[in-house]
Amino acid sequence: MNVNPHLRTAQKRRTRKAIVDAAIALLARGETPTVNDVAAAADVSRRTVYLYFPSFDQLLLDATVGALSQASVDRAIEQASDDGEARVEHLVRALHHVSPEVERLGRSLIRLTVDGAPAEEGVPRRGYRRIEWIESALAPLRDGMAPDRWNQLVRALAMVIGWEALIVQRDVCGLSAAEGEALSVWAANALVRAALEDERDAGAPVSGN
């Protein structure tokens, strides 16, 4: 039986989220969890944990970054109500206003995923949380966009929002924090507007903007 690739991807993201959320909950209780602890809390096997996180250090870093970022990102997105474009801009700005410690952890997470052993084929090495945030920010626009264009926009925004974009701005372009934030906002807004324009050209009604 053929399985819709989008459904398979969504299931893998849910499994990854369950693993990370379990690690976050254990860390929040002041515990130093083991792989067995996380697997039990997430109701998955040790093998599944290692399919998604070849290094346990990577999992703990991912959980720590998530715990430090989630609340501020959620608040930023909700401040923009039902305006999809504004919600994306608030998300971008929230991710730029991270502490030096969170930025350091983010760089370490990238290093671990780049240098580490490959994860299961089709399983992203990182970024599921970023995709969720982008989808949440864009939620008011979803019903008015064709599924393919929606997925294209989410993936395009993932390239200009997050640690990789921040590192390029700092290390490659030599931008200040304020300049980098302005550039990310401009790029994200341009992508959203281009997607909405494509949808209008296709004759589909666009809502939430």
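What follows is a chat between a student and a tutor about this predicted model.

Student: Before we start, what kind of model is this?
Tutor: It's a predicted model, where local features need pLDDT of at least 70, side-chain atom pairs count only at pLDDT 80 or more, and totals for chains, interfaces and linings use all residues. Residues are numbered from 1 along each chain as its sequence is written, and side-chain values use heavy atoms, with hydrogens and water left out.

Student: Cool. How many helices and strands does the protein chain have?
Tutor: The protein chain has 10 helices and zero strands. Helices here are DSSP runs of H or I with at least four residues, strands are runs of E with at least two, and both are numbered from the N terminus.

Student: And what percentage of the residues count as buried?
Tutor: 42% of the 209 residues in the protein chain. Buried means under 20% relative accessible area, exposed means over 50%, and partly exposed is in between, using a 1.4 Å probe and protein chains only.

Student: Let's look at α2. Which of its residues are buried?
Tutor: In α2, residues 35–42, the buried ones are V35, V38, A39 and A42. They sit on the same side of α2 because they cover an arc of only 100° around the axis. That arc is taken from the directions from the helix axis to the C-beta atoms.

Student: What comes just after α2?
Tutor: D43, just after α2, takes a positive phi of about 60°, although D43 is not a glycine. D43 is in the loop between α2 and α3 (46–52).

Student: Is D43 buried or exposed?
Tutor: Exposed, because its relative accessible area is 71%.

Student: New topic: which residues have the most contacts inside the largest nonpolar core?
Tutor: Those are V88, L91, I134, L138, L157, I161 and V192, in a core of 28 residues. At least two core residues come from each of α4 (56–78), α5 (84–96), α7 (128–138), α8 (147–160) and α10. A nonpolar core is a set of buried Ala, Val, Leu, Ile, Met, Phe, Trp, Tyr and Cys residues joined through side-chain atoms within 4.5 Å.

Student: What does V192 touch?
Tutor: Not counting residues up to four places away in sequence, V192 touches E85, V88, L138, L141, L153 and L157. A contact means heavy atoms within 4.5 Å. There's also a second, separate core of 15 residues, which includes A23, V35, Y52 and L59.

Student: How do α8 and α10 cross?
Tutor: Their axes come within 10 Å and cross at roughly 170°, so α8 and α10 are roughly antiparallel to each other. Axes are lines fitted to C-alpha atoms, for helices over the stretch in contact, and angles run from 0 to 180 degrees between N-to-C directions. Under 35 degrees counts as roughly parallel, over 145 as roughly antiparallel, 65 to 115 as roughly perpendicular, and the rest as oblique.

Student: Which residues meet there?
Tutor: From α8 you've got R149, L153, A156, L157 and V160, meeting S184, A187, A188, L191, V192, A195, D198 and E199 in α10.

Student: Last one: where is N189, and is N189 buried or exposed?
Tutor: N189 is in helix α10, residues 177–201, and N189 counts as buried because its relative accessibility is 7%. N189 touches E85 and E89, leaving out residues up to four places away in sequence. A178 is also in α10, but A178 counts as exposed, at 57% relative accessibility.
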